Amino acid sequence: MRFEVTILGNGSASPSVTRHPSAHALNVREQFFLIDCGEGTQERLLRAGVSPLKLNAVFISHIHGDHIFGLIPLMASLAMAGKQTPLQISGPPALERLLDFFTRDFGLQLSFPLQFTPIDTTKHRLVHENTSMEVWSVPLRHRVPATGYLFREKQDPVGTIPRSYAYLSDTMPSAKAAELIQGVDLLYHEATFADTERHLARKTGHSTATQAAKIALKAGAGKLLLGHFSTRYKDLELIQNEARTIFPETYIATEGTTFGIPVVKK
Ligand SMILES: [Zn+2]
Ligand SMILES: [Zn+2]
């Protein structure tokens, strides 16, 4: 009964030879979800051993290139591979226009039904659900409409404690978001900057490692993963150590690494 997230990219918008843009693959009991889809995500999925054909749904946080530029190529490859089952995509309403352009004007022919769910980025709502889990939107504070996502197992009759994962990127620190994800087991929070560049974080709608750690503390999170790093930081230990002074259970979301949440009996 796996509940684990694999980091496909931990960089931010500028291209880098060591980091890829945002994308996470979440496996909840062998159901696969993709969260954000930066450039090159399909290759990253293959490298991580996750078949793109297995993806049940894609969740997009906001319309910035480093979170969506991999989506159309991924869809084109799925069509080439003859995918038949529906692909569900959730994201801010403007994403639908982009999908429409590629499927109508550009002539991308899909072999599968595309089901788009627009997310009101100002609301905390149940946006997706199946027999074993729920996905909730979590409003973020960024330069454009942006939503985070909270993935939560449903109550299990077998008697295990429901596990949860929250993805908060891109955003300035939000006390409201911390409240909405209270008690989350694993929290991914962007930390584009170190606290010495706090002014840049504010100016660009991002967070520092210190601010991310304070949100993890406020949310009562079990573990904090940091990512979406600016290319200016070569040594990520600095970022990790900065956050650990406030929230010791902090880890760098290293690309290719899988972070699992173990099953705990009640
Ligand atoms: Zn970004
Ligand atoms: Zn952004």
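## Salt bridges and helix H8 in a predicted model

Arg29 is partly exposed, at a relative accessible area of 23%. Here buried means under 20% relative accessible area, exposed over 50%, and partly exposed in between (1.4 Å probe, protein chains only).

This is a predicted model, in which local features need pLDDT of at least 70 and side-chain atom pairs count only at pLDDT 80 or more, while totals for chains, interfaces and linings use all residues. Residues are numbered from 1 along each chain as its sequence is written, chains are lettered from A and ligands numbered from 1 in the order in which they are written, and side-chain values use heavy atoms, with hydrogens and water left out.

**Salt bridges**

The structure holds ten salt bridges. A salt bridge is a side-chain nitrogen of Lys or Arg within 4 Å of a carboxyl oxygen of Asp or Glu. Three of them are tabulated, with the distance between N and O atoms.

| Acid | Base | N to O distance |
|---|---|---|
| Glu153 | Arg29 | 3.0 Å |
| Glu134 | Arg152 | 3.5 Å |
| Asp195 | Arg198 | 2.5 Å |

Glu153 and Arg29 form a salt bridge. The pair links distant parts of the chain, 124 residues apart. Glu153 sits in strand S9 (residues 147-153), and Arg29 in the loop between strand S2 (23-28) and strand S3 (31-35). Helices (H or I, at least four residues) and strands (E, at least two) are DSSP runs, numbered from the N terminus. Glu153 is buried, at 4% relative accessible area.

Strand S9 also supplies Arg152, which meets Glu134 of strand S8 (residues 133-139). These two are 18 residues apart, and again the pair links distant parts of the chain. Arg152 is partly exposed at 32%. Glu134 is buried at 16%.

In the pair of Arg198 and Asp195, Arg198 is partly exposed, at 39% relative accessible area. Asp195 is buried, at 18%. Elsewhere, salt bridges that share partners join Arg2, Glu4 and Glu30 into one network.

**Helix H8**

Helix H8 spans residues 236-244. Its residues Leu236, Ile239, Gln240, Glu242 and Ala243 are buried. Seen down the axis, the buried residues of H8 fall within an arc of 160°, so they line one face of the helix. The arc is that of the directions from the helix axis to the C-beta atoms.

What do the buried residues of H8 pack against? They pack against helix H7 (209-219), strand S12 (223-227) and strand S13 (250-252), where contact means heavy atoms within 4.5 Å.

At the start of H8, a side-chain oxygen of Asp235 comes within 3.0 Å of the backbone nitrogen of Glu237.

Notes. A polar contact is a pair of N or O atoms within 3.5 Å; within protein, one must be able to donate a hydrogen and the other to accept it, and residues adjacent in sequence count only if both atoms are side-chain atoms.
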